[in-house]
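Q: I am new to this structure and would love a guided close look at one part of it. Could you start from the inside and then show me how the rest fits around that part?

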Amino acid sequence: MRSPLPLLAVVGVAALALTACTPAASTGSPGKDSLGTPADGKTFTVAFSSPGNLDPITTTMTGAQSIGRFLWGTLIDLRQEGPIVSGLAEKWEADTTTATFTLHKGLTCDDGTPLTAKDVAAEFNHLADPATASPLAAGNYLIGTTAVADQAARTVTVTSAAPNPFLLESLGTVPIVCGTVLKDPDALSKGKGATGLFTMTEIVPNSQFTMTRRTDTSWGPGDWDPKTKGLPEKVVVRIIDNPTTSTNMLISGELTAASVSGPDLARVKGRGFFEASATGVVGQISFNEAAGRPTSELAVRKALVEALDLPELRSVVTSGDGVEPASIVTTGANPCRSEEAKDAFPKHDAAAAAKTLDEAGWKKGADGIRAKDGEKLSLTFASPSSLGDPGTAASELVLKAWTDLGAKVEVKTPENNALQELLFVTSDWDVSAVPLQFGLPSQVTPYVTGPAPTQGGTNVFSADIPEYAKAVATAMTKPSTSGCDDWKAAERSLYDSLTIVPYAGLKATVFANKASFEPGINPATIRMYE
């Protein structure tokens, strides 16, 4: 199942398989029938990465989105295989410009207040307001949309400001919050206003989140039945960024489920744990192309990529278990599967990198640092701390390669909230190692077109790629899969321009002791066993 939340996710290795959604059950995984007898009243304890702010209106962090899946329902539920199923809406109809959702009867918030069509319409209109400045809105093409409620019919009709080939998926997977907290970011940051299957009952900052299953939910997703045996009474999320630590806790029984990858896999295989796998991007280089930045120049971007041994970086950042990624659109039931990222980038050649810079006028000075027209090749390199020791080792390789090339490099490793501000507010960076992933090809567009964050937009890379804009303009007029060739051409232009360079994918596996679930840990599918 696709997570309903990710628009632009900062993904740590330890969290990858918990939230990524191109998954399939791993070979040899015990079937549910072999796990024992379903048991009620148990607690499901899982390790996630640090979430930062939980507010679903503003967050782009994987940890927050993982927790949010338990708290905030969505209008529809997307499964990796099979049809779209109901969520908070019992039925729907949509084309490329208009979608109408009919809500289930008797929807309530976690405080017992009704969740009405008026509340849902108010949220869409709030997100559509540019003043809200929500990355959720940008990724789902909500800016400029209008929503109208019919309370008696329990319907919400949303009209898009422009054609959207994936309008149903974009609108239907927005996390819906209770109307009483819609404009209360402090309450949302604490997980209040839940419309989903669980409610937040305790937060220990930077340590643990405890959620209790609601007993008043009789609606979706899908064939959800609150009387099903084996539903967890509570969910406890432990904040653990080190995958070896979470593996140890899984083996000791302190955790019910944890993502395991790399050398830790050998320690959990053969223990009879339930398992499900997912592959996502964990190694990626992106460039800030804003005017005045050295990386605004294609020759500089090309030289910096040529200076890197991408296969070696892939091995380091994934502890030897990486694969060449096919695409940055990996986190959902994407109808336009692409392999445009494969073999898309310049091969490692330090001499060619130096020549590229020389020909572009960037010459080495007496201090060994290259300069052009008096401007030194000085780079701010943002590297996420959530990638752990492998990410640090990869950043050190990048630093050496670019220093040898003649660049002066400052490495920044901000924590999650500061990292989000760096990317989405200040734009004070040249190169980023943050792995960005998307669920639909259309969700990439707001982050590579339009105004930059410093100008009130969401174009994280300050990119201006005519080939991308042309391909997207054509794709947006074609519903669903009929535009896949155009979306692939658009994606390829991102790689040709060296705006985004995904170089490492990782298959991570969630193992569970006495529990099962659909890949991605769909909260409605968690079952506990004796």
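Which residues have the most contacts inside the largest nonpolar core, and how many residues does that core have?

A: Happy to walk you through it, and please keep in mind that this is a predicted model. The largest nonpolar core has 71 residues, and the ones with the most contacts inside it are Trp-402 and Leu-494. Let us stay with Trp-402 for a moment. Setting aside its neighbours within four places in sequence, Trp-402 is in contact with Leu-304, Ala-307 and Leu-308. The list goes on with Leu-379 and Phe-381, then Ala-407 and Val-409, and finally Val-431. Besides this core, there is a second, separate one of 69 residues. Among the members of that second core are Ile-67, Val-181, Ala-512 and Met-528.

The sequence position of Trp-402 falls within helix α12, which covers residues 388-405. Glu-396 lies in that helix too. What is its setting, buried or exposed? With a relative accessibility of 52%, Glu-396 counts as exposed, because the cut-off for that word is over 50%. From Glu-396 you can also look across to Asn-417: the two are 21 residues apart in sequence, and their C-alpha atoms are 23 Å apart in space.

Asn-417 falls within the span of helix α13, residues 416-426, and Leu-419 is found in that helix as well. Leu-419 has a relative accessibility of 1% and counts as buried. Its C-alpha atom is separated by 8.0 Å from that of Ala-382, although the two residues are 37 apart along the chain.

Now for the second core's surroundings. Ile-67, one of the residues in that core, also belongs to helix α2 and is buried there. In fact, 10 of the 10 residues of α2 (residues 62-71) are buried, so this helix is largely enclosed by the rest of the structure. The buried residues of α2 include Thr-62, Gln-65, Ser-66 and Arg-69, along with Ala-64, Phe-70 and Leu-71. Gly-68 is found in α2 too, and its relative accessible area is 1%, which makes it buried. For a sense of scale, the C-alpha atoms of Gly-68 and Glu-340 are separated by 31 Å, with their positions 272 residues apart along the chain.

Let us step out to some loops. Lys-227 has its place in the loop between β10 (208-213) and β11 (234-239). This lysine is exposed, with a relative accessible area of 76%. Thr-215 is 12 residues away from Lys-227 along the chain, and the C-alpha atoms of the pair are separated by 9.5 Å.

Two other loop residues are worth a look for their backbone angles. Most residues other than glycine have a negative phi. Ala-133, however, has a positive phi, near 55 degrees. Ala-133 sits in the loop between α3 (117-128) and α4 (135-139), where it is exposed, with a relative accessible area of 58%. Arg-154 is not a glycine either, and its phi is positive at about 60 degrees. You will find Arg-154 in the loop between β7 (146-150) and β8 (155-159). At 23% relative accessibility, Arg-154 counts as partly exposed.

Finally, here is the whole chain around these parts. The chain contains 15 helices and 24 strands. Its radius of gyration is 23 Å, close to the 24 Å that the globule rule gives for 530 residues, so the chain is as compact as a globular protein of that length. Along the principal axes, the C-alpha trace spans about 75 × 50 × 40 Å. Of the 530 residues, 59% are buried. Among contacts with a separation of 6 or more, 73% come from residues 24 or more positions apart.

On the outside, the accessible surface comes to about 19400 Å², and 51% of that belongs to carbon and sulfur atoms. As for charge, the chain has 44 positive and 58 negative side chains, and the centres of these two sets lie 3 Å apart.

How values were computed:
Residues are numbered from 1 along each chain as its sequence is written. This is a predicted model: local features need pLDDT of at least 70, side-chain atom pairs count only at pLDDT 80 or more; totals for chains, interfaces and linings use all residues. Side-chain values use heavy atoms; hydrogens and water are left out. A nonpolar core is a set of buried Ala, Val, Leu, Ile, Met, Phe, Trp, Tyr and Cys residues joined through side-chain atoms within 4.5 Å. Buried means under 20% relative accessible area, exposed over 50%, partly exposed in between (1.4 Å probe, protein chains only). Contact means heavy atoms within 4.5 Å. Helices (H or I, at least four residues) and strands (E, at least two) are DSSP runs, numbered from the N terminus. The radius of gyration is taken over C-alpha atoms; the globule rule is 2.2 Å times the number of residues to the power 0.38. Accessible areas come from the Shrake-Rupley method with a 1.4 Å probe; for residues, only the protein chains shown count as cover. Lys and Arg count as positive and Asp and Glu as negative; His and the chain ends are not counted. The place of a charge is taken as NZ of Lys, CZ of Arg, CG of Asp or CD of Glu.
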